[in-house]
Amino acid sequence: MLLIFFTFISGTVRTFVDIPAAQSAYQQEGALVQDLLKIGATRIYSEYWTCNRLTFRSREQIICSVLNDQLNPEFDRYMPYRFIVRAAPHPAYVFPLGSKQADILKHQMLVSSTHYRVYSFDGYMVYQII
C-alpha cells in the first residue's frame, strides 16, 4: 500500500513540475500557427509530429504533409492531405531548427534555382516557395 501511495505522489509531483514546460510549448505552437497564417503558409511540409499538431491546432487552416529525414513523403495520417499539399503552387517547408530535414533543405535551397523566402519562427525554419 505504501508503494502505491508513493507512486501516486511521485506521479502527481512530476505532473505539476511539467506544467510550465507544457504551457510554454503550447503557447509556442500557437504562435507558430499564427505566424504561418500571417505569411499565407497554409499548405506545408513538415515532420510527422509537427504536421499533426499544426493541422489540428489550426483547425485545418494549415494542411500538412509529412516528409521523412531524406525529405521523401512518409506516413500521412490522412492521405488526402498529401495530395492537397502536393497540388499547392507554393508550399512551405516547416522544420524544427537543427533537425536533419532543416539542414538538408537549407543545402538544397542554396543550390537550387527555386525562389523562396526564409523565416525563423518559434524554433522552426520556414522556407516558403514564391
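## Sheet layout

Five strands make an open sheet, ordered S2-S1-S3-S5-S4, with mixed pairing. Its edges are strand S2 (63-66) and strand S4 (116-121), each of which pairs on one side only. Direction ignored, neighbouring strands in this sheet are turned by 25° against each other on average. The model is a predicted one.

## Two strand pairs

At one edge, S1 and S2 pair in the parallel sense, over 4 bridges. One residue pair shows the register: Ser46 has Val66 in S2 as its bridge partner. Between these strands the chain passes through helix H2 (residues 48-57), and the β-α-β crossover from S1 to S2 is right-handed. Side chains along S2 alternate. Ile63 and Ser65 point one way, while Cys64 and Val66 point the other way. Each of these residues is buried.

At the other edge, S4 and strand S5 (residues 124-129) run antiparallel and are joined by 6 bridges. Here Phe121 has Tyr124 in S5 as its bridge partner.

## Helices on the sheet

Helix H4 (residues 100-111) packs on the sheet and touches strand S3 (92-96), S4 and S5. The direction of H4 makes about 140° with that of S3.

Helix H3 (residues 80-87) lies across strand S1 (43-46) and S2. Relative to S2, H3 runs at about 105°.

## Nonpolar cores

In soluble globular proteins, nonpolar side chains tend to be buried together. Which residues have the most contacts inside the largest nonpolar core? They are Leu32, Leu36, Ile44, Leu54, Val94 and Val126, in a core of 15 residues. Helix H1 (2-38), H2, S2, S3 and S5 each supply at least two residues of this core. H1 gives the largest share, 3 residues.

Leu54 shows how its surroundings are built. Leaving out residues up to four places away in sequence, Leu54 touches Glu29, Leu32, Val33, Leu36, Ile44 and Ile62. A second core is separate and has 14 residues, including Tyr81, Val85, Met109 and Tyr127.

## Salt bridges

Side chains of opposite charge can pair when their charged atoms come close. The count here comes to 3 salt bridges. Glu29 pairs with Arg53, and the closest N and O atoms are 2.5 Å apart. Glu29 lies in helix H1 and Arg53 in helix H2, so this pair ties together parts that are 24 residues apart in sequence. Glu29 also meets Arg57 in a salt bridge, at 3.5 Å from N to O. That pair again links distant parts of the chain, with Arg57 in helix H2 and Glu29 in helix H1, 28 residues apart. Glu29, Arg53 and Arg57 are thus linked in a network of salt bridges.

Is Glu29 buried or exposed? Glu29 has 15% relative accessibility, so it counts as buried, because the cut-off for buried is under 20%. Its partners differ in class from a buried residue: Arg53 is partly exposed, at a relative accessible area of 36%, and Arg57 is partly exposed at 25% relative accessibility.

Asp76 and Arg82 form another salt bridge, with the closest N and O atoms 2.7 Å apart. In this pair, Asp76 and Arg82 are both buried.

Conventions:
Residues are numbered from 1 along each chain as its sequence is written. This is a predicted model: local features need pLDDT of at least 70, side-chain atom pairs count only at pLDDT 80 or more; totals for chains, interfaces and linings use all residues. Side-chain values use heavy atoms; hydrogens and water are left out. Two strands pair if DSSP finds at least two bridges between them. Axes are lines fitted to C-alpha atoms, for helices over the stretch in contact, and angles run from 0 to 180 degrees between N-to-C directions. Contact means heavy atoms within 4.5 Å. Buried means under 20% relative accessible area, exposed over 50%, partly exposed in between (1.4 Å probe, protein chains only). A crossover is right-handed if, with the strands pointing away from the viewer, the path from the first strand over the helix to the second runs clockwise. A nonpolar core is a set of buried Ala, Val, Leu, Ile, Met, Phe, Trp, Tyr and Cys residues joined through side-chain atoms within 4.5 Å. A salt bridge is a side-chain nitrogen of Lys or Arg within 4 Å of a carboxyl oxygen of Asp or Glu.
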